[in-house]
Amino acid sequence: MEGLDKALLASEIIMERKAVDPVLFEVTGLTSITDYFLIASGNSSRQVQAIGRHLQRTMREKGCRPYGIEGEQEGQWILMDYGDLVIHIFYQPVREFYDLEGLWSEAPRIGLVKKDGKKSK
(Lines give C-alpha, C1' and ligand atoms only; values in the text may rest on other atoms or scores of the structure.)
Protein backbone atom coordinates (compact mmCIF):
# COMPACT_ATOMS: atom_id res chain seq x y z
CA MET A 1 0.00 0.00 0.00
CA GLU A 2 1.33 3.43 -0.95
CA GLY A 3 2.15 5.95 1.76
CA LEU A 4 -0.70 8.39 1.09
CA ASP A 5 -3.27 5.59 0.85
CA LYS A 6 -1.97 4.17 4.11
CA ALA A 7 -2.15 7.60 5.78
CA LEU A 8 -5.71 8.23 4.60
CA LEU A 9 -6.77 4.76 5.73
CA ALA A 10 -5.21 5.34 9.17
CA SER A 11 -7.01 8.69 9.46
CA GLU A 12 -10.36 7.01 8.73
CA ILE A 13 -9.64 4.31 11.30
CA ILE A 14 -8.76 6.72 14.10
CA MET A 15 -11.86 8.79 13.41
CA GLU A 16 -13.93 5.64 14.06
CA ARG A 17 -12.80 5.96 17.69
CA LYS A 18 -13.53 9.70 17.78
CA ALA A 19 -9.94 10.90 17.58
CA VAL A 20 -9.75 14.63 18.25
CA ASP A 21 -8.47 17.04 15.56
CA PRO A 22 -6.59 14.64 13.26
CA VAL A 23 -4.00 16.38 11.11
CA LEU A 24 -2.04 14.81 8.26
CA PHE A 25 1.25 16.36 7.13
CA GLU A 26 3.27 15.47 4.07
CA VAL A 27 6.90 15.70 5.22
CA THR A 28 8.52 14.25 2.10
CA GLY A 29 11.62 16.32 1.42
CA LEU A 30 11.60 17.83 4.92
CA THR A 31 12.86 14.73 6.71
CA SER A 32 14.33 11.38 5.76
CA ILE A 33 12.44 9.63 8.57
CA THR A 34 9.08 9.26 6.82
CA ASP A 35 6.78 10.72 4.18
CA TYR A 36 3.69 11.43 6.31
CA PHE A 37 2.90 12.36 9.90
CA LEU A 38 -0.60 11.75 11.23
CA ILE A 39 -1.25 13.56 14.51
CA ALA A 40 -4.40 13.19 16.59
CA SER A 41 -5.44 13.13 20.21
CA GLY A 42 -7.90 11.71 22.68
CA ASN A 43 -9.64 13.26 25.65
CA SER A 44 -8.29 10.68 28.12
CA SER A 45 -5.45 8.19 28.32
CA ARG A 46 -8.02 5.39 27.92
CA GLN A 47 -9.32 6.90 24.71
CA VAL A 48 -5.76 7.28 23.44
CA GLN A 49 -5.12 3.59 24.19
CA ALA A 50 -8.41 2.57 22.54
CA ILE A 51 -7.57 4.55 19.40
CA GLY A 52 -4.11 2.96 19.27
CA ARG A 53 -5.40 -0.61 19.76
CA HIS A 54 -8.16 -0.15 17.17
CA LEU A 55 -5.72 1.37 14.68
CA GLN A 56 -3.14 -1.38 15.12
CA ARG A 57 -5.74 -4.17 14.81
CA THR A 58 -7.49 -2.69 11.77
CA MET A 59 -4.27 -1.81 9.96
CA ARG A 60 -3.05 -5.38 10.51
CA GLU A 61 -6.30 -6.69 8.99
CA LYS A 62 -5.54 -4.51 5.94
CA GLY A 63 -2.04 -6.00 5.65
CA CYS A 64 -0.08 -3.16 7.30
CA ARG A 65 2.14 -4.01 10.25
CA PRO A 66 4.05 -1.41 12.25
CA TYR A 67 7.83 -1.45 12.53
CA GLY A 68 7.46 -0.28 16.11
CA ILE A 69 5.05 1.10 18.67
CA GLU A 70 5.92 3.13 21.77
CA GLY A 71 3.85 4.49 24.64
CA GLU A 72 0.87 2.12 24.60
CA GLN A 73 0.94 1.40 28.32
CA GLU A 74 0.95 5.01 29.48
CA GLY A 75 -1.60 6.33 26.98
CA GLN A 76 -0.09 9.82 27.01
CA TRP A 77 1.64 9.69 23.61
CA ILE A 78 1.52 6.63 21.38
CA LEU A 79 3.94 6.64 18.47
CA MET A 80 3.36 4.13 15.67
CA ASP A 81 5.95 3.69 12.92
CA TYR A 82 4.61 2.30 9.64
CA GLY A 83 7.69 3.24 7.62
CA ASP A 84 6.40 5.88 5.21
CA LEU A 85 3.79 6.89 7.82
CA VAL A 86 4.42 7.84 11.45
CA ILE A 87 1.38 8.26 13.68
CA HIS A 88 1.28 10.27 16.90
CA ILE A 89 -1.75 9.80 19.15
CA PHE A 90 -1.65 12.15 22.13
CA TYR A 91 -3.60 12.76 25.30
CA GLN A 92 -4.80 16.30 24.50
CA PRO A 93 -2.75 18.24 27.14
CA VAL A 94 0.41 16.38 26.06
CA ARG A 95 -0.28 17.27 22.43
CA GLU A 96 -0.57 20.93 23.35
CA PHE A 97 2.67 20.80 25.34
CA TYR A 98 4.78 19.24 22.55
CA ASP A 99 3.06 21.17 19.71
CA LEU A 100 4.24 19.00 16.82
CA GLU A 101 1.96 20.98 14.50
CA GLY A 102 4.05 24.06 15.28
CA LEU A 103 7.27 22.14 14.71
CA TRP A 104 6.09 20.97 11.27
CA SER A 105 4.22 24.16 10.34
CA GLU A 106 6.06 24.43 7.00
CA ALA A 107 4.87 20.96 5.95
CA PRO A 108 1.83 20.85 3.68
CA ARG A 109 -1.36 19.63 5.35
CA ILE A 110 -3.52 17.12 3.57
CA GLY A 111 -7.23 17.73 4.05
CA LEU A 112 -9.08 14.94 5.82
CA VAL A 113 -12.78 14.34 5.39
CA LYS A 114 -14.79 12.70 8.15
CA LYS A 115 -17.44 10.11 7.33
CA ASP A 116 -20.14 12.75 7.93
CA GLY A 117 -18.63 14.74 5.02
CA LYS A 118 -17.14 17.50 7.20
CA LYS A 119 -13.51 18.44 6.82
CA SER A 120 -11.25 18.12 9.84
CA LYS A 121 -9.16 21.14 10.84
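Right after helix H2 comes Gly63, a residue with a positive phi, near 90°. (Helices are DSSP runs of H or I with at least four residues, strands are runs of E with at least two, and both are numbered from the N terminus.) Keep in mind that this is a predicted model, where local features need pLDDT of at least 70, side-chain atom pairs count only at pLDDT 80 or more, and totals for chains, interfaces and linings use all residues. Residues are numbered from 1 along each chain as its sequence is written, and side-chain values use heavy atoms, with hydrogens and water left out.

**The whole chain**

Let's step back for a moment. The protein chain has four helices and six strands, and from the N terminus on they come in the order α-β-β-α-β-β-β-α-α-β. A compact globule with 121 residues would have a radius of gyration near 14 Å, and the protein chain has 13 Å, which agrees. (That radius is taken over C-alpha atoms, and the globule rule is 2.2 Å times the number of residues to the power 0.38.) Along the principal axes, the C-alpha atoms fill a box of roughly 35 × 35 × 30 Å.

How much of the protein chain counts as buried? Of its 121 residues, 46% do. Here buried means under 20% relative accessible area, exposed means over 50%, and partly exposed is in between, using a 1.4 Å probe and protein chains only.

**Two helices**

Back to H2, which covers residues 45–61. At 1.5 Å a residue its 17 residues should span 24 Å, and its end C-alpha atoms are 24 Å apart, which agrees. (The expected span is 1.5 Å times one less than the number of residues.) Its buried residues include Val48, Ile51, Leu55 and Met59. An α-helix has 3.6 residues a turn, so residues three or four places apart point the same way. What covers the buried residues of H2 includes helix H1, along with strands S2, S3, S4 and S5.

H1 has 14 residues and reaches 20 Å from its first C-alpha to its last, close to the 20 Å expected. Among its buried residues are Leu9, Ala10, Ile13 and Ile14. The buried residues of H1 pack against S1, S2, H2 and S5. Just after H1, Lys18 takes a positive phi of about 60°.

Is Lys6, in H1, buried or exposed? Lys6 is buried, with a relative accessible area of 10%. Leaving aside residues up to four places away in sequence, Lys6 touches Met1, Met59, Cys64, Tyr82, Asp84 and Leu85. (A contact means heavy atoms within 4.5 Å.)

**The strands**

S2 is mostly covered, with seven of its seven residues buried. On one side sit Tyr36, Leu38, Ala40 and Gly42, and on the other Phe37, Ile39 and Ser41. S4 has another pattern to look at. In a regular strand the side chains alternate between the two faces of the sheet. Along S4, Ile78 and Met80 point to one face and are buried, while Trp77, Leu79 and Asp81 point to the other and are not.

Here is how some strands pair up (two strands pair if DSSP finds at least two bridges between them):

| Strands | Direction | Bridges |
|---|---|---|
| S1 and S2 | antiparallel | five bridges |
| S2 and S5 | parallel | seven bridges |
| S3 and S4 | antiparallel | three bridges |
| S4 and S5 | antiparallel | five bridges |

You can find individual partners too. Leu24 stands opposite Leu38 in S2, Tyr36 has Leu85 in S5 as its bridge partner, and Leu79 is matched with His88 in S5. The hairpin of S3 and S4 has six residues between the strands, and in it Gly71 takes a positive phi near 85°. The hairpin of S4 and S5 has three residues between the strands, with Gly83 at a positive phi near 80°.

**Aromatic rings**

A search of the whole structure finds four aromatic pairs. (Rings of Phe, Tyr and Trp, using the six-membered ring of Trp, pair if their centres lie within 6.5 Å; planes under 30 degrees apart count as stacked, over 60 as edge-to-face and the rest as tilted.) The ring centres of Trp77 and Phe90 are 4.6 Å apart and their planes are at 35°, so the pair is tilted. This pair links distant parts of the chain, with Trp77 in S4 and Phe90 in S5, 13 residues apart. Trp77 counts as partly exposed at 28% relative accessibility, whereas Phe90 is buried at 1%. Together with Phe97 and Tyr98, Trp77 and Phe90 form one aromatic cluster.
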